[in-house]
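These are my notebook entries on a structure that was new to me. I record what I looked up, entry by entry.

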Amino acid sequence: MAALSRAASSAIRRPPLLLPSRLQAARSMASSLFGHVEPAPKDPILGVTEAFLADPSPDKVNVGVGAYRDDNGQPVVLDCVREAERRIAGNLNMEYLPMGGSIKMIEESLKLAYGEDSEFVKDKRIAAVQALSGTGACRLFADFQKRFLPDSQIYIPTPTWSNHHNIWRDAQVPQKTFTYYHPESRGLDFAGLMNDIKNAPDGSFFLLHACAHNPTGVDPTEEQWREISHQFKVKKHFPFFDMAYQGFASGDPERDAKAIRIFLEDGHQIGCAQSYAKNMGLYGQRAGCLSILCEDEMQAVAVKSQLQQIARPMYSNPPVHGALVVSIILNDPELKSLWLKEVKGMADRIIGMRKALKENLEKLGSPLSWEHITNQIGMFCYSGMTPEQVDRLTNEYHIYMTRNGRISMAGVTTGNVAYLANAIHDVTKPN
Ligand code: PLA
């Protein structure tokens, strides 16, 4: 359990960064103050985009980072976002937000995660702050965990989004892993998962993906979530939900919050990281929310004040533009329904591309089973390809993806799906 899975560690292992010789020469001449600083390894996800951008090939395809593209392969700004921006421009000021961020944006975020009529919101039991998107929300929580429960650890699923490991490492919270994925069945290893929950010391912290698990695209069923929640209750574990894809699993943000709602019904205290990067397409705006459900209002006030105190020396207060966009959209019934339509549109295009990729592979006569492409949900297909096969895709076909075999389906289009299928078939066909 303690070791990282092979897939996860191979995703992290990348060739060392080579410095251009000009830089190397300058480096050896420089004074020794920073002489011991070695170049950092490339990030296993964002490093893929860097390599893609540097490739001059006209055939190149980027299915690395989980950034949504339209069917022409272009980045998308949602119509609801454009309209919110029109309302902001020339009207609203750009003053500092409070340390904890926009109160309106937080209120709307809590309704999305906890439910429109949530008793916890009404009772003011939730400590919440605007965060620097999902990453910032996770990091703020990890720092809070370290400060107030310094002896605690975090249990992280195998595999997971690679940055989870960096976040809790930099916050100096010891990490354990728990079983999640079953490579043979390409599904959930439910028995292994339940065992690890039972075997963890009482009161452990667990990181759970609320929906559209990254990278596997495999989520527990509703029934399985109920069993997980029950076992958490028995063991008094604390669930921290990373909800980076609300709306991208089923196309409906309300349905995608089901796991959280099950835990709430069962009376858990929970933590939750929300991101508007994917579901509102606000990637670079860094709009997100961290919330912690407390025992009562007094505790929530104290926890929020401490979260703000962690934020203040790091970035003082969060950015205003994305917060305005989010609160305008979610506050206006017409814009909100336009947003819901647009989220569904993105989720549906991805589902269509899953079908197309699978059909293309079958048409090419691939003897392998590609059922998992359409069984998995969310932004990613965890293809089962090995790091060596991925290297061939990149070197021979200019197809860029993470070495753990994850394909960002958000980057697959009608125009590139046949090319992608052909390349995948070539590198995976048995000799
Ligand atoms: N949590 C999970 C599970 C994620 O997959 C991502 C993003 C985040 C949090 C953070 O997103 P945010 O900070 O932008 O809100 N994962 C991406 C991008 C889409 C990345 O690696 O940063 C990915 O390609 O996996």
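**Entry 1: the two domains.** I looked up the contacts between the domains of this predicted model: 17 residues of domain 1 touch 17 residues of domain 2. The domain assignment gives domain 1 as 46-77 + 347-428 and domain 2 as 97-331. I noted that their C-alpha centres lie 28 Å apart.

**Entry 2: the largest nonpolar core.** I then turned to the interior. The largest nonpolar core holds 59 residues, and Ile329, Leu357 and Ile407 have the most contacts inside it. I listed the elements that give two or more residues to this core: α4 (79-88), α5 (103-114), α14 (321-331), α15 (333-363), β11 (380-382), α17 (387-397) and α18 (417-428). Of these, α15 gives the most, with nine residues. Where does this core lie with respect to domain 1 and domain 2? Both domains give residues to the core, so it lies between them.

I followed Leu357 further. With its neighbours within four places in sequence set aside, Leu357 is in contact with Ile373, Ile407, Met409, Val417, Leu420, Ala421 and Ile424. Apart from the largest core lies another, of 36 residues, and I marked Phe190, Ile228, Phe232 and Ile270 among them.

**Entry 3: a residue of the other core.** I chose Ile228, which lies in helix α10. Its relative accessibility is 2%, so Ile228 counts as buried. Leaving aside neighbours within four places in sequence, I found Ile228 in contact with Phe190, Leu193, Met194, Ile197, Pro220 and Phe263. One of these partners, Leu193, is 35 residues from Ile228 in sequence, and the two are 8.6 Å apart in space, C-alpha to C-alpha.

**Entry 4: the sheet.** I traced an open sheet of seven strands with mixed pairing, in the order β2-β10-β9-β8-β7-β3-β4. Its edge strands are β2 (126-132) and β4 (175-179), each of which pairs on one side only. On average, neighbouring strands of this sheet are turned by 25° against each other, direction ignored.

Within the sheet I examined β3 (residues 154-158) and β7 (residues 205-209), which run parallel and are joined by two bridges. Which residue of β7 is the bridge partner of Tyr155? I found Phe206 in that place. Helix α7 (residues 133-148) packs on the sheet and touches β2, β3, β7, β8 (238-243), β9 (271-275) and β10 (287-293). The direction of α7 makes about 130° with that of β2.

**Entry 5: aromatic pairs.** The structure holds 18 aromatic pairs, and I looked at two of them. The ring centres of Phe178 and Phe206 lie 5.1 Å apart with planes at 50°, so I recorded this pair as tilted. Phe178 belongs to strand β4 and Phe206 to strand β7, so the pair ties together parts that are 28 residues apart in sequence. Phe178 is buried, with a relative accessible area of 1%; Phe206, at 0% relative accessibility, also counts as buried.

How are the rings of Trp225 and Phe263 arranged? Their centres are 6.2 Å apart and their planes stand at 80°, so the pair is edge-to-face. This pair links distant parts of the chain, with Trp225 in helix α10 (residues 222-235) and Phe263 in helix α12 (residues 258-265), 38 residues apart. I noted both Trp225 and Phe263 as buried. The residues of the two pairs come together in one aromatic cluster, formed by Tyr155, Phe178, Phe206, Trp225, Phe232, Phe241 and Phe263.

**Entry 6: the backbone.** I looked up cis peptide bonds. One joins Thr158 and Pro159, with omega about -5°; Pro159 lies in the loop between β3 and α8 (162-170). The peptide bond from Asn214 to Pro215 is also cis, with omega near 15°, and Pro215 lies in the loop between β7 and α10.

I also looked for positive phi in residues other than glycine. Lys124 has a phi near 55° and is found in the loop between α6 (119-122) and β2. Arg186 has a positive phi of about 55°, and its place is the loop between β5 (181-182) and β6 (187-188). Is Arg186 buried or partly exposed? I recorded Arg186 as partly exposed, with a relative accessible area of 29%.

Technical notes. Residues are numbered from 1 along each chain as its sequence is written. This is a predicted model: local features need pLDDT of at least 70, side-chain atom pairs count only at pLDDT 80 or more; totals for chains, interfaces and linings use all residues. Side-chain values use heavy atoms; hydrogens and water are left out. A nonpolar core is a set of buried Ala, Val, Leu, Ile, Met, Phe, Trp, Tyr and Cys residues joined through side-chain atoms within 4.5 Å. Buried means under 20% relative accessible area, exposed over 50%, partly exposed in between (1.4 Å probe, protein chains only). Helices (H or I, at least four residues) and strands (E, at least two) are DSSP runs, numbered from the N terminus. Domain bounds come from an automatic or database domain assignment. Contact means heavy atoms within 4.5 Å. Two strands pair if DSSP finds at least two bridges between them. Axes are lines fitted to C-alpha atoms, for helices over the stretch in contact, and angles run from 0 to 180 degrees between N-to-C directions. Rings of Phe, Tyr and Trp (its six-membered ring) pair if their centres lie within 6.5 Å; planes under 30 degrees apart count as stacked, over 60 as edge-to-face and the rest as tilted.
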